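Please work through the exercises below with the sequence and the model open side by side. Each task is followed by a solution that goes step by step.

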Amino acid sequence: MEIQITLNGQPVTLNVKPNESLMHALRGQALFSVKHGCETGECGACAVLIDGQPVNTCITLAAAAEGRAITTLESFGAKASQMTPLQEAFVETGAIQCGYCTPAQLLCAHALLEKNPNPTEAEAREAIAGVLCRCTGYVKPIQAILRAAAVMRGETVPPVSEESDSERVYAAPPNLFTPRAGDTPDPSDLDTGTNLQTQIKPLVFTPAEAKPTTIVGKPEPKVDAVKLALGRPAFSDDLEIRGMLYGALMTSPHAHARIKHIDTSQAKAIPGVHAVLTYKDLKRVMYASGGQSYPNPPPYDQVCLDDKVRHVGDRVAIVAAESPELCQKAIEAIEIEWEILPAVFDPEAAMQPGAPIIHDEADAIGIKDASHNVVHKIHAQMGDEAEAWAQADLVVEGEYRVHQVQQASIEPHIVITWWDEDERLVIRTSTQVPFHVRRMIAPLIGLPISRIRVIKPRIGGGFGGKQEMLIEDLCAHLTIATGRPVRFEYTRAQEFTSARSRHPQILRFKSGVKRDGTLTGQEVYILGNTGAYGTHGLTVQTVSGMRALSTYNAPYRRFECDVVYTNLPTPGAYRGYGAPQGLFALEVHMEQIAHQLGMDVLEFKAKNWVKVGDPLPMAKALGEGREGFAQTILTSALVECVSLGAQAIGWQAKRGSPGDGPIKRGVGMAVCMHGTAIAGLDMGAASIKMNDDGSFNVLVGATDLGTGSDTVIGQIVAETLGVPLSKIVMYSSDTDFTPFDTGAYASSTTYISGGAAMRAAEQVRAQIQKAAAPLLKVDDPDSLWLADERVHAPGGRSVTLEQVALHSLHVENQHQIMGTASHMSLASPPPFAAQFAEVQVDTRTGQVTVERLVFAVDCGIAINPITAAGQVEGGMIQALGYAHSEEMVYDEAGIPLATRFGDYRLYQADEVPEMRVIFVETYEPTGPYGAKAVAEIPKDGVAPAMASAIHDAIGVWIPELPFTPERVWRALQGR
């Protein structure tokens with residue numbers, strides 16, 4: 001049927017199907033700014049303006065648009081020079097991280113400013129509340145909207161760089177609770193209620209002795225921000241290939257069952273269906289799907305398609321057809337006779353004799369005790385156990401429980417595969433680990449690595465969920481079977497049933513302590529639920545144990561862990577990777593000890609936390625699923641982080657003052673320590689070449705998930721070579737053309753990949769100095785230095801980098817100036833942080849409202865404070881959802897009850913609390929320009945800080961997540 005619409009100001013006739021969504025019709029017009037995030041209109045990524053009002057197009061029929069005026073982001077302009085003030089503000093303020101939800105946010109903000117040119121912060125938040133964002137925490141998008149509104153009203157706003165410089169304090173921050181005059185900014189700067197219109201960058205304390213830099217440490221706009229603000233086709237699905245088929249997955253409706261008989265004949269007979277594949281059609285090759293370094297940690301307990309299913313949502317069959325509707329029709333035509341097997345969902349029950357055996361296959365590799373569903377047993381110990389308990393005046397034990405949550409990236413898993421002109425398989429995929437995917441998929445599809453190319457475009461959020469080879473093998477099998485390009489994408493429901501999530505755990509702590517507060521020993525037991533498959537099961541639980549036993553010094557430490565199969569959907573990697581579980585239990589446990597001792601919690605923690613010069617013995621004992629490397633803390637500003645965070649939250653005035661009436665108030669805190677890359681394992685490489693005009697191409701295998709790693713690496717290179725960031729052309733994540741990189745996980749990219757880029761840039765700098773020496777008539781190239789796009793010599797003489805490039809390429813001793821370097825580190829310097837929370841608790845209902853979050857962090861030198869702050873703000877809101885509202889819930893048959901965003905409660909823009917980010921910088925000698933990690937540590941402290949604040953408000957400990965109204969109310973009733 002034909003419909004007449006006005007599309008971006010032009011009359012257009014569209015030929016649409018009666019059941020076709022407006023989203024599908026618009027993307028069919030190459031309007032790729034319209035994104036798919038769900039099928040229920042609850043994420044808002046597909047929003048456009050219809051007659052000036054935001055409308056979610058995934059639930060709007062195209063036919064319903066007849067006669068209407070539709071506006072997409074493409075109407076705002078196609079070039080950077082044509083950007084609106086709104087788009088410019090999003091770029092300048094760092095409001096764009098992954099950029100997947102940016103078009104919808106811009107459109108909703110545009111609709112607001114058309115009606116109201118002077119909105120309040122609350123009105124701006126309400127305007128974009130229907131667009132879920134998993135990256136930013138909404139802080140910078142709101143800042144951008146208010147900034148753009150001011151510009152559009154004709155007001156003068158200072159450049160972001162000027163605002164940022166005014167927030168940097170070159171002084172040592174105060175010691176714990178003993179602030180010194182002149183060391184701290186005005187108290188209003190520490191107030192979380194600072195006006196968002198002017199407060200773009202967080203407060204940064206930089207060591208007074210830090211060397212001045214030109215590019216590093218500055219709020220440079222992200223190198224990919226303009227194309228994302230313009231809505232250009234940058235993501236995996238923003239591609240049209242002639243003859244492309246659609247792929248789809250048939251999943252199991254049962255938690256545990258065996259396929260007795262499967263008949264695909266009717267499905268294959270449907271016109272337009274090109275392939276239907278089951279376990280009968282594919283070679284059985286055991287593998288582990290986690291995107292981890294070679295050799296992948298065991299177990300190898302998966303095959304591409306199996307005759308047994310182990311959870312609701314498990315793989316059954318795959319189809320390729322000419323439309324998504326035909327795919328669904330083919331799936332419905334597959335006939336299966338099932339043998340329903342007993343299922344088990346509780347890890348304690350799964351270990352008992354007589355429990356259903358989930359992995360009874362004979363060819364699985366590396367399962368510790370399949371007969372009791374035990375995947376791994378982990379043990380590590382240091383110190384004298386008997387002496388620890390003998391010296392203890394008090395022994396405190398506690399049990400803590402953490403639940404299963406989903407990464408909920410707004411972009412679902414999406415892959416497109418095709419044969420190129422050389423009969424090589426190209427895999428265009430939204431992945432964090434392109435090089436791991438290439439290596440891991442080769443044996444599954446029967447192709448050598450040399451015939452596989454993996455391309456990672458922009459990613460619409462990853463958070464660990466895309467550190468997995470999840471559907472690339474299925475899409476590849478369909479291209480091999482049909483010879484055609486295939487597009488394969490998960491539905492939102494499949495993201496909840498068939499993707500990955502965070503491991504639920506039961507954690508039991510036992511600590512010995514002297515009367516003066518000195519720890520004598522700590523033991524931790526973790527029962528980790530790895531669901532139906534063991535991917536990441538060993539390493540996540542190992543990290544939980546290492547983090548639980550590394551923040552505080554104790555002469556004796558012991559870790560025991562059972563990793564157990566159940567018939568739940570499989571957990572995997574999720575931002576924080578075991579640390580949020582371990583640190584929730586640890587921090588609550590430590591505060592409980594302080595209360596039993598009658599000590600101030602900050603004093604007790606400060607007495608025991610690790611300090612500069614201390615070793616981290618559990619890091620060596622546990623490593624990454626195998627013995628690690630000895631670590632010693634070289635830098636820490638934890639004392640200062642706690643002091644500044646306490647001042648910002650108003651700790652001394654508010655702690656212990658719940659107030660009268662049914663609404664109680666409390667403040668709480670948690671100490672956080674994370675890691676920076678995996679010592680001795682993570683490796684990145686970089687290649688840099690100089691162009692004729694003195695610009696540089698930088699090729700890295702590092703994967704930018706929206707974290708800004710391309711920008712940060714570019715800043716490191718630009719600083720080293722004395723050029724502005726605009727002279728750096730970044731290219732990343734193509735296994736054919738970019739150097740190897742282990743991938744974006746373990747908070748490694750700035751430290752490892754940035755370190756490689758810095759080494760390569762130093763090589764290039766030395767070559768430039770050597771090439772410039774004859775031009776400057778200098779005998780010693782080392783006497784030259786690079787700055788302001790020139791090579792300078794003593795005495796004031798200089799030549800431009802363009803002159804050096806042209807001379808070296810075309811005039812004399814012609815050669816290409818270029819460098820290639822790799823970087824691996826045996827060190828993993830920990831970032832430190834203090835997380836503070838302020839809450840209200842309604843004692844009548846158990847409802848907890850978080851009013852403020854303050855995060856003071858030592859991440860070394862923040863290479864880009866705005867992108868770093870965005871990481872912290874987004875991480876805190878993800879952590880808040882983990883602590884407060886998100887939960888994967890199942891019925892008694894193991895069927896997930898939350899498979900849509902309406903039931904799985906992510907925080908919206910109008911629901912988030914006030915947030916304040918404070919960077920307390922140290923100079924980490926092992927990191928590029930003094931950097932440590934920052935991306936994951938914001939996930940670690942919100943849950944225990946909330947538990948602390950709730951206890952401060954109502955005097956009750958709640959040792960289980962999430963803090964739902966029912967759980968809090970029951971705790972108040974003593975149930």
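The exercises treat pockets and cavities, a set of strands, two buried side chains and some backbone details.

The structure is a predicted model, in which local features need pLDDT of at least 70 and side-chain atom pairs count only at pLDDT 80 or more, while totals for chains, interfaces and linings use all residues. Residues are numbered from 1 along each chain as its sequence is written, and side-chain values use heavy atoms, with hydrogens and water left out.

**Exercise 1. Describe the largest pocket by its volume, its lining and the elements that supply the lining.**

Step 1: fix the terms. On a 1 Å grid over the protein atoms alone, a pocket is an open set of points with protein on both sides within 12 Å along at least five of seven lines, a cavity is a set where a 1.4 Å probe fits but cannot get out, and lining residues have an atom within 4 Å of a point. Grid points are joined across faces, edges and corners, and a volume is the space filled by probe spheres set on the points.

Step 2: the volume of the largest pocket comes to about 1400 Å³, and 40 residues line the pocket, with H24, Y246, P324, E325 and R487 nearest its centre.

Step 3: assign elements, where helices (H or I, at least four residues) and strands (E, at least two) are DSSP runs numbered from the N terminus. At least two lining residues come from each of α1 (22-27), β8 (245-251), α10 (324-333) and β19 (486-489), and β8 gives the most, with six residues.

Step 4: sort by class, counting Ala, Val, Leu, Ile, Met, Phe, Trp, Tyr, Cys and Pro as nonpolar, Asp, Glu, Lys and Arg as charged, and the others, Gly among them, as polar. The pocket lining then has 17 nonpolar, 13 polar and 10 charged residues.

**Exercise 2. How many cavities of 30 Å³ or more are there, and what lines the largest cavity?**

Step 1: the count comes to nine cavities of 30 Å³ or more.

Step 2: the largest cavity, with a volume of about 200 Å³, is lined by 20 residues, of which Q302, D314, R315, R500 and Y533 lie nearest its centre. Its lining divides into eight nonpolar, six polar and six charged residues.

Step 3: the second largest cavity holds about 80 Å³ of space, and its lining, which includes C133, R134 and Y907, has five nonpolar, three polar and one charged residues.

**Exercise 3. Place S511 in its strand, and follow the pairing from β20 through β21 to β22.**

Step 1: S511 belongs to strand β20 (residues 505-513) and is buried at a relative accessible area of 0%, where buried means under 20%, exposed over 50% and partly exposed in between (1.4 Å probe, protein chains only).

Step 2: the side chains of S511 and H589 are joined by a polar contact of 2.8 Å; such a contact is a pair of N or O atoms within 3.5 Å, and within protein one must be able to donate a hydrogen and the other to accept it, while residues adjacent in sequence count only if both atoms are side-chain atoms.

Step 3: two strands pair if DSSP finds at least two bridges between them. By this rule β20 and β21 are antiparallel over nine bridges, with R508 opposite Y525, and β21 and β22 (residues 556-564) are parallel over nine bridges, with D562 as the bridge partner of L527.

Step 4: because 10 of the 11 residues of β21 (residues 519-529) are buried, this strand is largely enclosed by the rest of the structure.

**Exercise 4. Is D704 buried or exposed, and which backbone nitrogens lie by its side chain?**

Step 1: D704 sits in the loop between β25 (696-700) and α22 (709-721), and is buried with a relative accessible area of 1%.

Step 2: a polar atom of its side chain lies 2.8 Å from the backbone nitrogen of G706, and one lies 2.9 Å from the backbone nitrogen of D710.

**Exercise 5. Which peptide bonds from Y294 and L961 are cis, and what is the phi of N373?**

Step 1: the bond from Y294 to P295 is cis, with omega near -10 degrees, and a cis bond with omega of about -5 degrees joins L961 and P962.

Step 2: N373, although not a glycine, has a positive phi of about 60 degrees, and at 0% relative accessibility N373 counts as buried.
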